Amino acid sequence: MSDSPRAAAAERITRAVVEHHPYVYCFPCLAAEHGVPEFEVRKIAQIAVLREGFRVARRICYRCNIADDMLLAPDPTCPS
């Protein structure tokens with residue numbers, strides 16, 4: 001990613017996912033929390049999965065209590 005608003009948002013979102021672990025937030029809640037559209041969070045999640053070892057899973061959101069897709073921090077016990 002280049003230095004752009006998307007890169008800054010990606011940094012904020014991935015940092016928040018790691019810092020909030022084990023509490024997970026759905027894509028709509030991450031979008032609302034960081035002031036970006038949900039489709040941007042989904043794009044960021046795809047890149048984070050491919051480049052940084054994050055995972056996507058269906059869980060219950062800690063914020064809204066709805067089952068949805070979540071971006072999960074990389075598992076330090078799994079080799080890259």
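This note goes through the backbone, the salt bridges and the aromatic pairs of the structure above.

1. Basis. This is a predicted model, in which local features need pLDDT of at least 70, side-chain atom pairs count only at pLDDT 80 or more, and totals for chains, interfaces and linings use all residues. Residues are numbered from 1 along each chain as its sequence is written, and side-chain values use heavy atoms, with hydrogens and water left out.

2. Helix α2. Helices and strands are DSSP runs (helices H or I, at least four residues; strands E, at least two), numbered from the N terminus. Helix α2 spans residues 27–34. Its buried residues are F27, C29, L30, A31 and H34. Here buried means under 20% relative accessible area, exposed means over 50%, and partly exposed lies in between (1.4 Å probe, protein chains only). The cover over these α2 residues includes α1 (5–20), α3 (38–52), β1 (55–60) and β2 (67–72). Contact here means heavy atoms within 4.5 Å.

3. Backbone points to check. Most residues other than glycine have a negative phi, and most peptide bonds are trans. The H21 to P22 peptide bond is cis, with omega near 15°. P22 sits in the loop between α1 and α2. N65 is not a glycine, yet its phi is positive, about 60°. That residue belongs to the loop between β1 and β2. N65 is exposed, at 57% relative accessibility. G35, just after α2, also has a positive phi, of about 65°.

4. Salt bridge in α1. The whole structure holds five salt bridges. The criterion is a side-chain nitrogen of Lys or Arg within 4 Å of a carboxyl oxygen of Asp or Glu. One of the five joins E11 and R15, at 3.5 Å from N to O. Both residues are in helix α1, and because they are four residues apart, about one helical turn separates them. E11 is partly exposed at 42%. R15 is partly exposed too, at 40%.

5. Salt bridge in α3. E38 pairs with R42, with the closest N and O atoms 3.0 Å apart. These two are four residues apart in helix α3, so the separation is about one helical turn. E38 has a relative accessible area of 31% and is partly exposed. R42 is partly exposed at 29%.

6. Strand-to-strand bridge and network. D69 forms a salt bridge with R58, with the closest N and O atoms 3.9 Å apart. This pair links distant parts of the chain: D69 is in strand β2 and R58 in strand β1, eleven residues apart. D69 is partly exposed at 24%, whereas R58 is exposed at 56%. Shared partners join E38, R42, R58 and D69 into one salt-bridge network.

7. Aromatic pairs. There are two in the structure. Rings of Phe, Tyr and Trp (its six-membered ring) pair if their centres lie within 6.5 Å; planes under 30 degrees apart are stacked, over 60 edge-to-face, and the rest tilted. Y23 and Y62 have ring centres 4.4 Å apart and planes at 45°, so this pair is tilted. Y23 lies in the loop between α1 and α2, and Y62 in the loop between β1 and β2, 39 residues apart. Y23 is partly exposed at 44%. Y25 and Y62 pair edge-to-face, 6.1 Å centre to centre, with 90° between the planes. Y25 is in the loop between α1 and α2, 37 residues from Y62. Y25 is buried at 13%. Ring pairs thus link Y23, Y25 and Y62 into a cluster.
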